[in-house]
Amino acid sequence: MQNYPNILIETQIFPPIRAIAYFLQYPNVCIEAHEHYQKRSYRNRYRIGSTQGPLDLSIPLLKGKNQQQNIKDVKISYGCNWPLQHLRAIQSSYGKSAYFIHYKDLIFELLLKKEEFLFDLNWNSLQLIAGLIPINLNLQSSKNYIVQSDHASLDLRNQIQFLSSEPISLPSYYQVFTVKTGFISNLSILDLIFHQGPEAIYYLQQISKISVSLDS
């Protein structure tokens with residue numbers, strides 16, 4: 001694998017574990033801030049585990065179907081009380097996990113803040129996660145739309161798909177719902193920190209060395 005000093009990726013809310021593992025390899029992370037919004041992606045969706053299997057949580061958007069809208073201009077809709085719905089789902093899924101009590105207040109505070117713009121919520125979620133793990137992350141946003149990444153950047157934009165034909169297979173760790181569902185791979189980073197706590201960094205270091213197809 002080429003040793004890139006930088007990474008370029010789209011904005012994501014509570015990114016999947018595989019995405020966070022890339023950040024350990026390439027800590028200079030640039031978030032694309034001038035693309036057009038694209039629906040059905042990790043931009044406004046994240047996947048947690050439940051006793052029924054994977055559970056997808058989405059953040060409703062104002063004019064979310066307008067894919068010509070700049071990502072930094074996309075506003076969050078609070079027409080329904082989705083933050084409360086998300087908090088209840090997270091509580092139900094992870095309330096019995098080992099480290100839920102240690103991190104839940106910070107996660108809940110972020111969701112209840114009611115940010116106006118999706119980009120700001122995603123940015124704050126990534127900074128929070130980087131602090132909890134912790135990861136020495138040099139985070140910046142692009143000044144304009146980057147048509148083609150230079151040789152110094154690994155371009156992961158749209159490479160980690162929310163809807164994929166084959167799930168990414170990662171090493172297992174204990175999940176509270178494993179008995180009913182089996183291990184569920186590559187969930188939101190929330191799953192890892194609630195179950196592994198301070199050990200999350202060692203799991204990420206382990207999988208950051210595994211070569212996984214970006215198309216998986």
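How many aromatic pairs does the structure hold? In this predicted model, the count comes to nine aromatic pairs. A pair of aromatic rings is described by the distance of the centres and the angle of the planes. For F100 and F194, the centres are 5.2 Å apart and the planes meet at 55°, and the pair is classed as tilted. The two rings come from separate helices: F100 belongs to α3, which covers residues 100-112, while F194 belongs to α6, which covers residues 189-196. Because 94 residues of sequence separate these parts, the ring pair ties together regions that are apart along the chain. Both partners, F100 and F194, are buried. The two phenylalanines also take part in a wider arrangement, since ring pairs link them with Y94, F108 and F177 into a cluster.

A further aromatic ring, that of Y22, has a charged neighbour. Here R18 lies over the face of Y22, with a distance of 4.3 Å to the ring centre.

Attention then turns to strand β3, where S50 is located. What is the relative accessibility of S50, and does that make the residue buried or exposed? The value is 12%, so S50 counts as buried, the cut-off for this class being under 20%. Leaving out neighbours within four places in sequence, the contacts of S50 are L55, S93, F177 and T181. One of these, F177, is also a member of the aromatic cluster, so the serine can be viewed alongside the ring network described above.

The pairing of β3 is with strand β4, made up of residues 53-58; the two run in the antiparallel sense and are joined over six bridges. Together β3 and β4 form a hairpin, with two residues between them. Within this arrangement S50 stands opposite G53 of β4. The side chain of S50 takes part here as well: one of its polar atoms lies 2.8 Å from the backbone oxygen of G53.

A loop on the other side of β3 offers a last point of interest. H36 is found between β2 (28-32) and β3 (45-50), in the loop that connects them. With a relative accessibility of 40%, H36 counts as partly exposed. Along the chain H36 and Q69 are 33 residues apart, yet their C-alpha atoms are separated by 5.3 Å.

Conventions
Residues numbered from 1 in each chain as written. Predicted model: local features only at pLDDT ≥ 70, side-chain atom pairs only at ≥ 80, totals over all residues. Heavy atoms only, no water. Phe/Tyr/Trp six-rings, centres within 6.5 Å; stacked < 30°, edge-to-face > 60°. Helix = DSSP H or I, 4+ residues; strand = E, 2+ residues; numbered from the N terminus. Buried < 20%, exposed > 50% of the residue type's maximum accessible area, 1.4 Å probe, protein only. Lys NZ or Arg CZ within 6 Å of the ring centre and 35° of its normal. Polar contact = N/O pair within 3.5 Å; in protein donor to acceptor, adjacent residues only side chain to side chain. Contact = heavy atoms within 4.5 Å. Pairing = 2+ DSSP bridges.
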